[in-house]
Amino acid sequence: MGNLKLKGKDILKIGYPNNQSVTIALEVMKRNFATKNIHHVKSLLKEILNHPENFEKDLTFGQIAEALLSSKKTEKRMLNTNRVDFRIFGNNISDEAKNQLYTALKLPISTQGALMPDAHSGYGLPIGGVLAVENAVIPYGVGMDIGCRMSLSILDTPISYLDGARDKYEKALAEHTKFGMYEIHKSHVEHEIFDRDTFEMIPILRRLKGKAIKQMGTSGGGNHFVEFGEVEITEEEEQIGLPRGKYLGILSHSGSRGLGAEIAQYYSRVATEQCPLPKEAQNFAWLDLNTHLGLEYWTAMNLAGDYAAACHNDIHRRLVKSVGGRVKAKIENHHNFAWKEIHNGKEVVVHRKGATPAHENELGMIPGSMTAKGFIVRGKGNPDSLKSASHGAGRAHSRGECRNLFTQNDIKKELKLKNVILMGGNAEEAPMAYKDINEVMNAQSELVDILGTFQPRIVRMDK
């Protein structure tokens with residue numbers, strides 16, 4: 001916590017009431033002012049005590065002000081007996097994933113839910129789960145990899161180059177993409193995101209800024225990838241602006257790296273303390289958006305989403321610079337995020353945990369597996385799915401099952417069959433680990449129109 005020798009009794013002497021405000025004040029001051037003079041810290045605390053209303057919206061002191069202005073006890077929240085309206089798309093979904101959604105639908109803040117056809121069980125909200133709530137945000141409902149997203153760049157390079165100059169594309173992926181916890185680029189980019197005040201206003205972001213700078217333009221482990229492949233535009237769409245035909249494409253899947261993971265862990269823990277729920281629902285602990293912590297998480301989540309987008313832009317920039325060509329179109333979308341949207345005539349907060357936004361005419365990219373085609377889609381804005389679609393094919397087997405089911409030999413056979421080169425990867429991400437993407441797409445014909453496909457050819461993943 002640093003060197004600040006501040007104790008609870010010092011705060012009580014200033015005149016603070018003997019309640020939660022003392023603990024919060026102690027934590028906030030030690031976190032933010034560890035190296036400051038104790039007299040300076042006490043005078044700040046006195047000022048907040050005398051005029052808490054002046055500090056309510058302050059990102060550093062708002063939590064103390066809120067505790068002083070509110071004497072509400074932390075009471076255990078109960079679940080409703082009935083579920084709110086929901087719809088499940090697709091049939092091949094485990095009972096465990098359905099039951100996780102059913103629990104979420106009984107939260108007193110829930111207004112509507114949906115399950116996408118790629119759904120499988122997760123922590124709290126299932127992957128492929130969509131949940132609308134009133135004026136609150138559920139950190140675990142957003143997920144651990146905040147703002148994880150798909151990004152597709154379509155180049156003007158002839159598709160024949162992928163076979164003719166395959167070595168060049170493999171070399172570009174080997175040299176210009178970085179994966180996992182330890183790989184970083186030698187040169188770092190100056191990006192406007194690091195100039196934002198948000199990094200200075202919220203203590204956890206201040207601490208994570210150095211890590212975020214280091215990890216810019218890198219990808220996570222697990223199912224994250226960067227790949228060159230064959231884009232086929234089958235339906236002309238004004239927003240894409242390309243005639244039907246085949247193009248060379250770069251597709252990436254990754255999120256907000258260590259920045260997002262640590263934001264998620266911290267606020268999930270804080271939400272659990274603030275919002276006690278029955279055991280089966282504890283991962284649905286929420287933060288009220290009228291509170292300081294709710295505002296703080298919302299601000300941090302949005303920064304993490306913008307950071308994830310900036311990482312993808314940097315990955316694509318490096319690769320295009322290496323292989324040449326010009327980007328003619330770009331399609332990208334978040335998942336693992338929460339949005340304020342209007343549904344049924346009122347504003348709600350929509351959580352999409354591993355689900356793609358699919359508002360009317362909104363473009364998206366839904367991948368298959370390392371060997372299966374992905375799909376370029378246009379949303380239909382279906383209210384039954386809360387204007388959402390799947391974010392991929394979805395897992396048919398858990399990571400643990402994959403380690404026992406599939407060998408490197410099995411994967412090599414499948415790669416050879418589909419003419420795909422894999423760099424990195426492991427049994428957990430085997431093509432056979434995933435549901436049939438065609439079945440998943442058939443199950444969501446009410447949610448999206450298909451405009452084209454992406455067939456992976458050279459795939460890079462974490463080792």
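In this predicted model, glutamate 446 and arginine 87 form a salt bridge in which the closest N and O atoms are 2.9 Å apart. The two partners belong to distant parts of the chain, 359 residues apart, with glutamate 446 in the loop between helix H15 (437-442) and strand S17 (448-461) and arginine 87 in strand S1 (residues 86-88). Glutamate 446 is partly exposed, with a relative accessible area of 39%, and arginine 87 is likewise partly exposed, at 27% relative accessibility.

**Salt bridges**

The salt bridges come to 28 in the count, and three of the pairs are set out below.

| Acidic residue | Basic residue | Closest N and O atoms |
|---|---|---|
| Glutamate 446 | Arginine 87 | 2.9 Å |
| Glutamate 262 | Lysine 211 | 2.9 Å |
| Glutamate 237 | Arginine 378 | 2.6 Å |

The pair of glutamate 262 and lysine 211 links helix H11 (residues 257-274) to helix H10 (residues 203-215), its members being 51 residues apart along the chain. Lysine 211 is partly exposed, with a relative accessible area of 35%. In the pair of glutamate 237 and arginine 378, the glutamate is in the loop between strand S6 (225-233) and strand S7 (245-254), while the arginine is in strand S14 (residues 374-379), and these positions lie 141 residues apart in the sense that the two are that far apart in sequence. Glutamate 237 has a relative accessible area of 11% and is therefore buried, since the cut-off for that class is under 20%. Elsewhere, salt bridges that share partners join Arg395, Arg399, Arg403, Glu428 and Glu429 into one network.

**The two domains**

The chain is divided into domain 1 (8-69) and domain 2 (148-461), and the centres of these domains, taken over C-alpha atoms, are separated by 40 Å. Contact between them involves 11 residues of domain 1 and 11 residues of domain 2. Together the two domains bury about 1000 Å², of which 49% is on carbon and sulfur atoms. Between domain 1 and domain 2 the count of salt bridges is 0, whereas 6 residue pairs are in polar contact, with both residues at pLDDT 80 or more. On the side of domain 1 that touches domain 2, helix H2 (20-32) and helix H4 (62-69) each supply at least two residues, and H2 gives the largest share, 4 residues. The residues of this side divide into 1 nonpolar, 5 polar and 5 charged.

Helix H4 is also mostly covered, with 6 of its 8 residues buried. These buried residues are Gly62, Gln63, Ile64, Ala65, Ala67 and Leu68, and they pack against H2, helix H3 (38-50) and helix H12 (292-323).

**Two individual residues**

Arginine 196 lies in the loop between helix H8 (166-176) and helix H9 (198-201), and at 25% relative accessibility it counts as partly exposed. Apart from neighbours within four places in sequence, arginine 196 is in contact with Leu303 and Asp306. With aspartate 306, the side chain of arginine 196 makes a side-chain to side-chain polar contact of 2.7 Å.

Threonine 103, by comparison, is found in helix H5 (residues 95-104) and counts as buried, at 15% relative accessibility. When its neighbours within four places in sequence are left aside, threonine 103 is in contact with Leu79, Glu280, Ala281 and Phe284.

Terms used
Residues are numbered from 1 along each chain as its sequence is written. This is a predicted model: local features need pLDDT of at least 70, side-chain atom pairs count only at pLDDT 80 or more; totals for chains, interfaces and linings use all residues. Side-chain values use heavy atoms; hydrogens and water are left out. Domain bounds come from an automatic or database domain assignment. Contact means heavy atoms within 4.5 Å. Buried area is the accessible area (1.4 Å probe) that two parts lose on being put together, summed over both. A salt bridge is a side-chain nitrogen of Lys or Arg within 4 Å of a carboxyl oxygen of Asp or Glu. A polar contact is a pair of N or O atoms within 3.5 Å; within protein, one must be able to donate a hydrogen and the other to accept it, and residues adjacent in sequence count only if both atoms are side-chain atoms. Ala, Val, Leu, Ile, Met, Phe, Trp, Tyr, Cys and Pro count as nonpolar, Asp, Glu, Lys and Arg as charged, and the others, Gly among them, as polar. Buried means under 20% relative accessible area, exposed over 50%, partly exposed in between (1.4 Å probe, protein chains only).
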